[in-house]
Amino acid sequence: MPELQIIGAPQSNYVWVTRIACHEKGVSYTLVPVMPHTVEVDAIHPLGKIPALRHGDLILAESRAICFYIDHAFGGPPLVPRDPSEGALTEQWISIVNTHFDVLVARPYVGAYFFPGTPDGRPNRPVIDAALPKLEAQFAMLDRAVAKTGHLAGNAFTLADMNVLPMLFYLHHLPESGSMLRRTPNLSAYYERHIARASVKEAVPPPLPGRSSWNSEI
Ligand SMILES: N[C@@H](CCC(=O)N[C@@H](CS)C(=O)NCC(=O)O)C(=O)O
């Protein structure tokens, strides 16, 4: 069997998702920790984004496609239930989280701290302040979603949960979103429970270069 490479910096939430997927399936891999828009990544992802995957002759971009491959090319427990209804519900939550929660709310907010684009490098307050009401609404949505079973889809830990946990990790460590998360009871319990899962914990990213932890110096 050729070596499976997950290509991308470990601080990327989507790289982390693919690593959780490998762990859950019992698939061994090598992490190639490179930034977006580097030669290795540009050779695979048409937009230069991470993660990318290389496995023998196969090269792949996009976390969802990579997780599909990991799920279907190997044995081990399914990441997405094979039952049509449960599988579709899992896909529903992956899609909502990726196209709304991440892109429109979490990413601009987190980016305003870690990549602020301000002249003095301080957090970008207008972007943060604009994100907060939207974040509140999305946390409420996720809180309702996990209230019943402690999972996003059905009664098991699926790719929908693997996909959102890295985003919640960053939000947990930032000031306003961290206290908002602690005030959101079901989502907070969900986060604390699943962040301790071996597959998730194993790939907790090291702090960004130049920082000593995820929540200091912000
Ligand atoms: N839809 C992509 C999103 C990947 C993505 O946005 N990756 C970020 C790092 S978390 C990235 O490469 N950013 C650089 C850029 O957007 O130029 C996926 O699911 O893999």
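**View 1. The residues around the ligand.** In this predicted model, the ligand's surroundings are S12, N13, Y14, P36, H37, K49, I50, P51, E62, S63 and R107. A residue counts here if one of its heavy atoms lies within 4 Å of the ligand. By class, this shell has 4 nonpolar, 4 polar and 3 charged residues. Ala, Val, Leu, Ile, Met, Phe, Trp, Tyr, Cys and Pro count as nonpolar; Asp, Glu, Lys and Arg are charged; the others, Gly among them, are polar.

**View 2. Polar contacts to the ligand.** A polar contact is a pair of N or O atoms within 3.5 Å. K49 places a polar side-chain atom 3.0 Å from an oxygen atom of the ligand. E62 also uses a polar side-chain atom, 2.8 Å from a ligand nitrogen atom. I50 uses a backbone N or O atom, 2.8 Å from a nitrogen atom of the ligand. On its own, the ligand has 510 Å² of accessible area (Shrake-Rupley method, 1.4 Å probe). The protein covers 75% of that area.

**View 3. A salt bridge between distant parts of the chain.** R197 pairs with E24, with the closest N and O atoms 2.7 Å apart. A salt bridge needs a side-chain nitrogen of Lys or Arg within 4 Å of a carboxyl oxygen of Asp or Glu. R197 sits in the loop between α8 (185-195) and α9 (198-201). E24 belongs to helix α1 (residues 13-25), and the two partners are 173 residues apart. The structure holds 8 salt bridges.

**Notes.** Residues are numbered from 1 along each chain as its sequence is written, and side-chain values use heavy atoms, without hydrogens and water. Local features need pLDDT of at least 70, side-chain atom pairs count only at pLDDT 80 or more, and totals for chains, interfaces and linings use all residues.

Terms used:
Polar contact = N/O pair within 3.5 Å; in protein donor to acceptor, adjacent residues only side chain to side chain. Helix = DSSP H or I, 4+ residues; strand = E, 2+ residues; numbered from the N terminus.
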